[in-house]
Amino acid sequence: MSVGIDEISFYTSNYFLDLRTLAEVQGTDPEKYYQGIGQIKMGMAAPDEDVVTMAANAALPLIERVGGDAISTLMFATETGIDQSKAAGVYVHRLLGLTSNCRVVEMKQACYSATAAIQMACALVARQPEKKVLVIASDIARYELDTPGEATQGCGAVAMLISANPRIVEIAPEVGNYTEDVMDFWRPNYRSTALVDGKYSTKIYLRSLKQAWENFRQVSAASFEDFGHFCYHLPFSKMAQKAHQQLARINKAGLSAEQLEEQILDSLYYNKIIGNSYTASMYIGLTSLLENCRQNLAGSKIGFFSYGSGCVAEFFSGTVMEGYQQYLHTERHSKMLEARSEVSYDEYLALYKHPDPRDGERCDIPHVTTGRYRLVSIVDHKREYIAL
Ligand code: HMG
């Protein structure tokens, strides 16, 4: 049976910092960011936005089309959890008006967990083909100020409807996995920013790609030449370029540098101006590929490399469906991105340092987001969200 992504939509905050501004304040050459890591802007969440509001915003266009009743399970992937116990997806369930018979669960393994959610969603649909599973990945990437990771911050959420006979991308069942207990990037429960061994993390990312690919080759008949395009986990776009060159080297692919670049270029546009969105980033990359590639991708095979620090990695594949273009939300996404406001360095600092109350005292949060959902207050340690 054919199972996969039936529809896909993403959301990012209305605010961004141009990395030139960051570079000027730091006395760094902006080209280190623009060229060196391949990033231009980074998305900054408004004070009344978090993974819940971004997730609801991302999923709204899908729910508007299929209706809340169609969803049997909501899987929420994040590493920016707002509660150790309650799944963030339960708030989203109410905001989107899903039925009380819909199950909700939160998944975690750094940037990888959305891929686990998709694979599990495909298995659920294969068992009950009349059901649809909503997979949402939502994250805010935060590093300490004045660290190498700072320029790779970002925020975003992506929502995907997983169904039988999907209209966008059919996901193949063969996967290659790689897991290793390493400390390349982590965030203990008591910290709001991640700790990272930056250079080491890039080495582990590349090692995991090699291992996951080799495992994939043991279970799948597909070879490097069978893939027209590739989507990589995107902590910053240069990482995907390095990864793709490595994969081509491993496979002794006889492609020129330009041909290799063409296989990934269209997947990078959105991430370059949003930044890292952790669990969402590879799937925003997929959206970028589908919405920006001039050539008709129908029938084309896409290779996916999903990586989550710590680490778990997976290589899998998908095939683009005939007529996929008519189900994309290209115009909505481009309007959203065009409407964003640039912030100054001081405004960026204010967004970065916005109050994060932990004492249970009432905290009313000003209305700043231009999205359809917002966090209004935190009272007695309870977060209150509304639809606007
Ligand atoms: P850094 O060490 O400050 O940067 O930060 P650098 O000195 O290595 O420079 C970066 C590149 O810019 C280099 O290119 C320089 O040559 C170039 P490369 O040698 O790599 O090809 N450069 C310039 N280019 C043009 N003009 C210039 C110029 N100056 C320098 N003037 C680092 C890099 C990755 C360490 C940092 O960004 C970082 O710590 N990032 C966070 C960690 C990260 O993103 N790791 C990626 C792999 S792990 C992962 O993907 C998982 C993750 O998403 C989390 C999760 O799973 O949950 C992070």
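**The ligand and its pocket**

Trainee: Which backbone atom of Pro 148 is an oxygen atom of the ligand 3.4 Å from, a polar or a nonpolar one?

Mentor: In this predicted model, the oxygen atom of the ligand lies 3.4 Å from a polar backbone atom of Pro 148, where a polar contact means a pair of N or O atoms within 3.5 Å. The model is predicted, so local features need pLDDT of at least 70 and side-chain atom pairs count only at pLDDT 80 or more, while totals for chains, interfaces and linings use all residues. Residues are numbered from 1 along each chain as its sequence is written, and side-chain values use heavy atoms, with hydrogens and water left out.

Trainee: And what about Cys 111 and Lys 238, how far is a ligand oxygen from each?

Mentor: An oxygen atom of the ligand is 3.2 Å from a polar backbone atom of Cys 111, and for Lys 238 the partner is an N or O atom in the side chain, at 3.4 Å from a ligand oxygen. Taken alone the ligand exposes 1,100 Å², of which the protein buries 75%, with areas from the Shrake-Rupley method and a 1.4 Å probe.

Trainee: How many residues surround the ligand?

Mentor: There are 28, counting a residue if one of its heavy atoms lies within 4 Å of the ligand, and the closest are Lys 32, Glu 79, Cys 111, Lys 199 and Lys 242. By class, 11 are nonpolar, 10 polar and seven charged, with Asp, Glu, Lys and Arg as charged, Ala, Val, Leu, Ile, Met, Phe, Trp, Tyr, Cys and Pro as nonpolar, and the others, Gly among them, as polar.

Trainee: Which element gives the largest share of that shell?

Mentor: Helix α6 does, with five residues; helices (H or I, at least four residues) and strands (E, at least two) are DSSP runs, numbered from the N terminus.

Trainee: Switching to pockets, which one does the ligand sit in?

Mentor: The ligand sits in the second largest pocket, meaning that more than half of its atoms lie within 2 Å of the pocket's grid points. A pocket, on a 1 Å grid over the protein atoms alone, is an open set of points where a 1.4 Å probe fits, with protein on both sides within 12 Å along at least five of seven lines, and lining residues have an atom within 4 Å of a point.

Trainee: What lines the second largest pocket nearest its centre?

Mentor: Of its 37 lining residues, Gly 198, Lys 199, Ser 201, Thr 202 and Phe 236 lie nearest the centre, and α6 supplies the largest share of the lining, six residues.

Key. A polar contact is a pair of N or O atoms within 3.5 Å; within protein, one must be able to donate a hydrogen and the other to accept it, and residues adjacent in sequence count only if both atoms are side-chain atoms.
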